[in-house]
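Opening the notebook on this one. I want to look up a few residues and see what surrounds them.

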Amino acid sequence: MSVVKEIPFFSLLTEAELKLIDDIATDKKFKKGEYIFFEGEAGEKFYIIKDGQVKLTKMIKNGDEQILNIFSSNDIIAEIVAFDKGNYPASAITMTDTDVIVFDQSELENLILKHPSIGLKLLREMSNRLRRAQQNVRDLALKDSSARVAGLLIFLAEKYGKKKKDKVILDISLTQQELASMIGSSRETVSRVLGQFESEGLIKTSRKKIIIYKKNKIKAYT
């Protein structure tokens, strides 16, 4: 079975095309806290997560780190370098021990030159992803602080949450400052909104996890 068949980025490819992609894929393991690549580094490879969690970060003008996104199993990181020989626009850091599939940009380029249909299908999928990302940015700009925090909690719960009876346990090591950076807010604002949700009995927070009791009511804030 193809190692990339379940990856959404390759969903438009045929079985024969997936086999060609498999032939240029390699595996690599990273320990928790390791950098997969650095912002500004030459973009020679892109990655798919087999197991683990990775955060994509960017340094902003005041020297703080902004988390752009969090990735987990089957997610692709830095797919832009599949077609762009530029530098990585952000850094990727593992949040857990992580196993990834690695693709060399030059090998994919050579494959596409021999099989142009693969390149067209990957570009089509990238265009769809870009449209979704632009819509998310527009939606975020129109929301107030409570809606932003609620939307982030729902996103994290659906992607990383572990359902246990009538609650969802979000066991992910993000500080309130890191949560704030993901939605372009301040730590104080995120702390206030989380406190509000906790006082309403929607969630319970601790140092390393968030327990969501009433996901639908949180979703209503979005």
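**Entry 1: a threonine in α6**

I started with Thr189, which sits in helix α6, residues 187-199. I'm working from a predicted model, so I keep that in mind throughout. Is Thr189 buried or exposed? Its relative accessibility comes out at 17%, and because the cut-off for buried is under 20%, Thr189 counts as buried. Next I checked what its side chain touches. I found a polar contact of 2.9 Å between the side chains of Thr189 and Ser186.

**Entry 2: the annotated span**

I pulled the UniProt record, an unreviewed entry, and it lists "domain: HTH crp-type" for residues 143-216. I then looked at how that span is built in the model. Residues 143-216 are 51% helix and 18% strand, and the C-alpha atoms at the two ends of the span lie 18 Å apart.

**Entry 3: which way α2 faces**

Which residues of helix α2 (residues 105-114) are buried? I get Gln105, Leu108, Leu111 and Ile112. Looking down the axis of α2, I see these buried residues fall within an arc of 125°, so they line one face of the helix. On the other side of α2 I noted Leu113 and Lys114, both exposed. A leucine and a lysine, then, are exposed on that other side.

**Entry 4: aromatic rings**

I ran a search over the whole structure for aromatic pairs and got eight. I wrote up two of them.

The pair I took up to begin with is Phe10 with Phe103, which is tilted, at 5.8 Å centre to centre and 55° between the planes. Where in the chain do Phe10 and Phe103 sit? Phe10 is in the segment before α1 (15-23) and Phe103 is in strand β8 (residues 98-104), so I logged the pair as a link between distant parts of the chain, 93 residues apart. Both Phe10 and Phe103 are buried.

The other pair is Phe37 with Tyr88. Their ring centres are 3.9 Å apart and their planes are at 15°, so this pair is stacked. The pair also links distant parts of the chain: Phe37 belongs to strand β2 (residues 35-37), while Tyr88 is in the loop between β6 (76-77) and β7 (91-94), 51 residues apart. I checked burial here too, and Phe37 and Tyr88 are both buried.

Last lookup: which residues make up the aromatic cluster that includes Phe10 and Phe103? Phe9 and Phe46 join them, and the four form one aromatic cluster.

Methods: Residues numbered from 1 in each chain as written. Predicted model: local features only at pLDDT ≥ 70, side-chain atom pairs only at ≥ 80, totals over all residues. Heavy atoms only, no water. UniProt positions renumbered as here; feature names shortened; annotations may be inferred. Helix = DSSP H or I, 4+ residues; strand = E, 2+ residues; numbered from the N terminus. Buried < 20%, exposed > 50% of the residue type's maximum accessible area, 1.4 Å probe, protein only. Polar contact = N/O pair within 3.5 Å; in protein donor to acceptor, adjacent residues only side chain to side chain. Arc of directions from axis to C-beta. Phe/Tyr/Trp six-rings, centres within 6.5 Å; stacked < 30°, edge-to-face > 60°.
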